[in-house]
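This briefing concerns the protein shown below. Please keep the sequence and the structure at hand while reading.

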Amino acid sequence: MPVIDGQVQERIIAGEPNPSSRIVAADVEAVRAEGLASWRTAYWCPVLKDDFVTLVENVTRAFARLLRDTDPVARDILLADMSFVLVHVVQHMHAREVESSCRRKGARLSRSHLSDAYYRPDWHDIETAYDRMEVGKFRWRDRFRAIAKSAVFNRHLLSPRGRGPGSWRSNAWAIGSNSWLRYWYAQMHGLHCRFFDGPDLFDAPSFFDDVESGLSRNLLHSFFEELSRILHDRCGEALDCDLLTSSWMTRLSRVRAFYDQIALRSDLPETILLTNQGNPMNRIAVLAAKRQGVHVVGFSHGNEPGNVDVRATGWVQHAPCSEFVCISKLSAEIHADNYGKSDLADLYNVVFSSAETCHYTDLATRAAREPLPASVRRVMLIGYPLLALRYPVRGGMYFPYQLGLQTQIIESLVANGFEPLYKAHPEMKGVGDAFFRELGAEIVSEPFEKSWMKADALIFTYPTTTTFGVAVCTNRPIVLFDIEGIQWNPQPRELLKNRCAFVPARYDDRDRLTYPEEHLLAALATSPRSPDLTYVQRLMA
């Protein structure tokens, strides 16, 4: 049995005597152990693209019905801990279906510790995650950091125009990481913000075991029975409903204890400016404060104006907010339209507003000072985070799809005389770099903002990365792969046609992404010229 990073790689072999005809790699370390070439030759995806999205949609609808069957506070508790269902349980259901398909088809499932969280989850560890949160600890370093952040963030109040009655009295909290969009909002509204990291808002409860979540065990058990039926109908497998119910009940009691701490505070501000909506402690804090009448303002993340349907992310970024600020008027209209079609719209009302800034047009003006290359020789491919997690959206957002496609692209570039650069994803530095280096790519680890000028052209295989919003402001030609099934919002796609060369990518009979090489080569053969900035001007300003 091969060993990966000191851990035994599990192989599930069933059915045919020659299982090597099909290999399913559950994570990137499994691909490395098998060898990239062997994996690509024997590649098989047991849960097809549309089948997985259908699974997520069925679970999401069941979760929405659960929210409707509870009172408002219990609903907040469930939404605060949505990751238990929409991440841990959904990914485990997917893993169970993969295992079942491998047994039935005689395929070989290869995996490492990187996918243990989904294939062999430790439900007790997941159950007690909130017990390990570092809350209620007085840390001088963190306190000084928060004071420094507050001083820098509130610098707009130093100008005569920023001063007014009570301007030095904090009337808002800022929770989460820094954001230029949040600073713009505070400046426009004259807010004096006090900074918090989510855990700093809470005391360590000494009474966890005495707190009831307010949710019925029978209600949650019935919910997991419904999910188990969904899984059984798909692949004949079943969930351990007793175990999942017990685990979630414990987690929800912890969430309720933290939620009540915020709800009972006498010093709640008028406004909370929120980033990092996915952080569970941030979500608990703002949902409790919002229920007490605090105006919670969330901010669009990652330069992404709504290129694709954002309904799936509404559970994370929209629902905890009273107001959600987008980077442009058109972007706000797109987000409002997508959220209005979601299962949450009538349970959590959100107003969508927009910034009116020159942030991106100024970025484009600065980028235009870089000289245009005479022709395309050095081509930068933007890397994908090679996680075992499968994202709940269409458009190839799963590491086997992206790894297969991106290695094809590098090979094509090398074969046709280009010099490929591989821009490693910042969350996954070093993970998978060897695949691309061995194929002939130069690995770029510096931030994109400091490295894009090394390339004569840029290639993206998905339009939802933070980097894409910066790239469209540069003066480099962009090749964008239009993957089968991606749920474009129509206005961004039309505007992008004037900025990017689209290359269609389709799934073959083994669910691998393929593309016509001649489309890519034709896009790169065009001499670089000053880009059309209509997309930036309409959607990002």
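The points below treat confidence, two sheets and two helix pairs in turn.

The model is predicted, with a mean pLDDT of 89 for the protein. One open sheet is built from 6 strands with parallel pairing, and another open sheet is built from 7 strands with mixed pairing. Helix H5 (residues 83-105) crosses helix H11 (residues 241-263) at roughly 140°, and helix H3 (residues 49-68) also crosses H5 at roughly 140°.

**Confidence**

- A pLDDT of 70 or more is reached by 89% of the residues.
- Residues 1-20 stay under 50 in pLDDT, and the model gives this stretch 53 contacts beyond four places in sequence.
- Residues 162-168 likewise have a pLDDT below 50, with 10 contacts in the model beyond near neighbours in sequence.
- Where pLDDT is low, predicted coordinates should not be read in detail.

**The parallel sheet**

- The strand order in this open sheet of 6 strands is E7-E6-E8-E9-E10-E11.
- Strand E7 (193-196) and strand E11 (351-354) are at the edges; each has a single partner strand, so one side of each lacks a neighbour in the sheet.
- On average, neighbouring strands of this sheet are turned by 25° against each other, direction ignored.
- Strand E8 (residues 271-274) is joined to strand E9 (residues 295-299) by 4 bridges in the parallel sense.
- Thr-271 has His-295 in E9 as its bridge partner.
- Helix H12 (residues 280-291) lies across strand E6 (172-175), E8 and E9, and runs at about 155° to E8.

**The mixed sheet**

- In this open sheet of 7 strands, the order is E14-E13-E12-E15-E16-E17-E18.
- Strand E14 (442-444) and strand E18 (513-514) are the edge strands, each pairing on one side only.
- Strand E17 (residues 500-507) pairs with E18 in the antiparallel sense over 2 bridges.
- Leu-513 in E18 is the bridge partner of Tyr-507.
- Helix H16 (residues 399-415) packs on the sheet, where it touches strand E12 (378-382), strand E13 (419-423), strand E15 (457-460), strand E16 (478-483), E17 and E18.
- The direction of H16 makes about 175° with that of E12.

**Helices H5 and H11**

- The axes of H5 and H11 come within 12 Å.
- At a crossing angle of roughly 140°, H5 and H11 are therefore oblique to each other.
- The crossing of H5 and H11 is right-handed.
- On the H5 side, Ser-83, Phe-84, Val-85 and Val-89 take part in the contact; they meet Leu-244, Ser-247, Trp-248 and Arg-251 in H11.
- The contact of H5 with H11 comprises 5 nonpolar, 2 polar and 1 charged residues.

**Helices H3 and H5**

- The axes of H3 and H5 come within 11 Å.
- With a crossing at roughly 140°, H3 is oblique to H5.
- H3 passes H5 in a right-handed crossing.
- Phe-52, Leu-55, Val-56, Val-59, Thr-60 and Phe-63 in H3 meet Val-85, Leu-86, Val-90, Gln-91, Met-93 and His-94 in H5.
- By class, the contact of H3 with H5 has 9 nonpolar and 3 polar residues, and no charged ones.
- Val-85 of H5 appears in the contact with H11 and also in the contact with H3.

Note on methods. Residues are numbered from 1 along each chain as its sequence is written. This is a predicted model: local features need pLDDT of at least 70, side-chain atom pairs count only at pLDDT 80 or more; totals for chains, interfaces and linings use all residues. Side-chain values use heavy atoms; hydrogens and water are left out. Two strands pair if DSSP finds at least two bridges between them. Axes are lines fitted to C-alpha atoms, for helices over the stretch in contact, and angles run from 0 to 180 degrees between N-to-C directions. Contact means heavy atoms within 4.5 Å. pLDDT is the predictor's confidence in each residue, from 0 to 100. Angles under 35 degrees count as roughly parallel, over 145 as roughly antiparallel, 65 to 115 as roughly perpendicular and the rest as oblique. A crossing is left-handed if the near helix is turned anticlockwise from the far one by less than a right angle, and right-handed if clockwise. Ala, Val, Leu, Ile, Met, Phe, Trp, Tyr, Cys and Pro count as nonpolar, Asp, Glu, Lys and Arg as charged, and the others, Gly among them, as polar.
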